[in-house]
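Subject: Handing over the model, with notes

Hi there,

Here is the model I promised to pass on to you. Have a look at it first, and then read on for what turned up when I went through it.

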Amino acid sequence: MRVQAIPAALAAAALLAVAGCGGHDDAGESDAGDGTPTKAAQQAASGDFGDLKGVCGGGTAKSAPAQGVTADEIKLGVFTDLGFTKKSEFVDAAKVFTSWCNAAGGINGRKLVATTHDTRLMEVRQRMLEACKEDFALVGGGAALDALGVKDRLECTLPDFPAQVSQVQNNGSDLQLNATGGASYNRYAGYYTWLLKEGYPASAKAVGTIGGDSPVTKVINAEAHEGLQAAGAKIIYKDLYPAQGVSDWTPYAQAIKSKGVKGLIFNGDFVQLAKLEQVLTGMKYKLDWIDANNNSYGPAFLQLAATSLDFQNNLADLSGVYPLEKAADNPATQQVVDLFKKYAPDAQVTLPAVRGFAAWLLFAESAKSCGDALTRTCVVETAREESAWTGGGLLAPVDLSTSDAPLTCFNVEKATSKGWVPADFKPTEGAYRCDAPAYKFKGDYGKPLTLADVGKSMSDVK
């Protein structure tokens, strides 16, 4: 399978459509207000995280059983588009996790050494070839054009524990332990069903979609169309906007109004969404709902949308990640906030950072179980045994025992002038609703690469 490189001007919208940047500056305190450490802070010193015991700690590792693994350390790679996006969330999560874990003793006594592989958006393959030469595995990262490196990753049998995946060829590829849902299933099936059948049933016959004009985002839009229609939507408006952005959103807003769109899916840069909403609001046209997608989950969108927030109804599905603004109610989320304050006080805790931290936890738990004989085969097969992975309480349960399992839980956030808050989506299990239907895509959007595609098998994984 060949993956064609995408010009940077067109790739910009793709990146903004998949690289979530939600976050909160103030999600909780690291003590009880009287100087007494919280439970989260106490766990940090012990190597425990959330409901996971002894994630990190000392040991007596003596061997060097695989590339990147010695008796003293484990070399791991972190992919990021930092040089293009200027967003350091994956690098921040790696710094915080490895600092905390190493302070607790490492993995069975082995120190974690994280190397940043900055793709600068277009240099995915170059960075992957570098990782293939030194790293034991990739952990807690992501790249918008990740398909450009998946063939090389499989050829060098490099495991991947990503914070996010973007392109079809990479999503669900072999040797990948991905907690964001199976590639062939609609991860928003529960969200769409709630929107159209319970939350806003009057909108079902008047749904519109708009997204950035790039090859990657076009696939995302096509999947959204199929998923929406399967949930009962009639799509009456479809549009794309230039990847570099729009100076005047008036024509788009007029088209949305003239067609009578009641529910809008927006796949793209939340800066552009805020501009569109300002025009719609100025026209006094209010939709029943706008799916701002979880790119917008954070303070930046709230600041940009400003006066539109109390007029338009902006929603976002976090796909089973515990909401950051409720960190004080969830020990695992609060512990992440505390650890960031300790090890990266100037960094923002974002939704991608939480996903990255959860990916590091999955790797660490699996590597710990492998003991001294830490091989790629062991760490992949051990992680694959997790049938209800929660990252110690950061996530709703995810089945990792198969590489293509649907998400069963979702949680919806609403943007308000006072901040992000959980929407009234009738959760069934704590912060989540876990009755999402399993909808398998019928359209041909491409397939993830396998070891067989590059002439390899698990027997080649050392």
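To begin with the whole chain: how does its radius of gyration stand against that of a compact globule with 462 residues? Such a globule would come out near 23 Å and the chain has 21 Å, which agrees. Along the principal axes, the C-alpha atoms take up a box of roughly 70 × 60 × 35 Å. Of the 462 residues, 59% are buried. Among contacts with a separation of 6 or more, 74% link residues that are 24 or more positions apart. The exposed surface comes to about 17,600 Å², and carbon and sulfur atoms supply 50% of it.

Please keep in mind that this is a predicted model. The average pLDDT of the chain is 91, and 90% of the residues score at least 70. The stretch to treat separately is residues 1–36, where the pLDDT is below 50. In the model, that stretch has 112 contacts beyond near neighbours in sequence.

Now to the secondary structure, which amounts to 14 helices and 13 strands. One open sheet has four strands in the order β3-β2-β4-β5, with parallel pairing. The edges are held by β3 (111–118) and β5 (160–161); each has a single partner strand, so one side of each is left without a neighbour in the sheet. Further in, β2 (residues 73–80) and β4 (residues 137–139) are joined by two bridges in the parallel sense. If you want a spot to zoom in on, G77 stands opposite L138 in β4.

Just after β3 in your viewer, you may like to stop at L121. This residue sits in the loop between β3 and α5 (124–134). Its phi is near 80°, a positive value in a residue other than glycine. Most residues other than glycine have a negative phi. L121 has a relative accessibility of 0% and so counts as buried.

The next region to look at is around β6 and β7. All six of the six residues in β6 (207–212) are buried. Six bridges pair β6 with β7 in the parallel sense, and G208 has Y237 in β7 as its bridge partner.

The loop between α8 (215–230) and β7 holds A233. Is A233 buried or exposed? With a relative accessible area of 10%, A233 falls under the 20% cut-off and is therefore buried. Leaving aside neighbours within four places in sequence, A233 is in contact with L196, A204, V207 and L228. The C-alpha atoms of A233 and K205 are 5.7 Å apart, although 28 residues separate the two in sequence.

From there, move on to helix α9 (residues 250–259). Y252, A253 and I256 are buried in this helix. Seen down the axis, the buried residues of α9 fall within an arc of 100°, so they line one face of the helix. An α-helix has 3.6 residues a turn, so residues three or four places apart point the same way. What covers the buried residues of α9? The cover includes β6, β7 (235–241), β8 (263–267) and α10 (270–282). Just after α9 comes G260, with a positive phi of about 75°.

K284 makes a nice counterpart to L121. Its place is in the loop between α10 and β9, and its phi is near 65°, again a positive value in a residue other than glycine. K284 has a relative accessibility of 67% and so counts as exposed, whereas L121 is buried.

Last on my tour are β9 and β10. Strand β9 (residues 289–291) runs parallel to β10, with two bridges between them. One place to see the pairing is I290, whose bridge partner in β10 is N314. Strand β10 (residues 314–317) is covered on both faces: N314 and A316 are buried on one side, and L315 and D317 are buried on the other. In a regular strand the side chains alternate between the two faces of the sheet.

Happy browsing, and do write back with any thoughts.

Best wishes

Conventions. Residues numbered from 1 in each chain as written. Heavy atoms only, no water. Pairing = 2+ DSSP bridges. Buried < 20%, exposed > 50% of the residue type's maximum accessible area, 1.4 Å probe, protein only. Arc of directions from axis to C-beta. Contact = heavy atoms within 4.5 Å. Rg over C-alpha atoms; globule rule 2.2 N^0.38 Å. Areas by Shrake-Rupley, 256 points an atom, 1.4 Å probe, with all protein chains shown as cover. pLDDT = per-residue confidence, 0-100.
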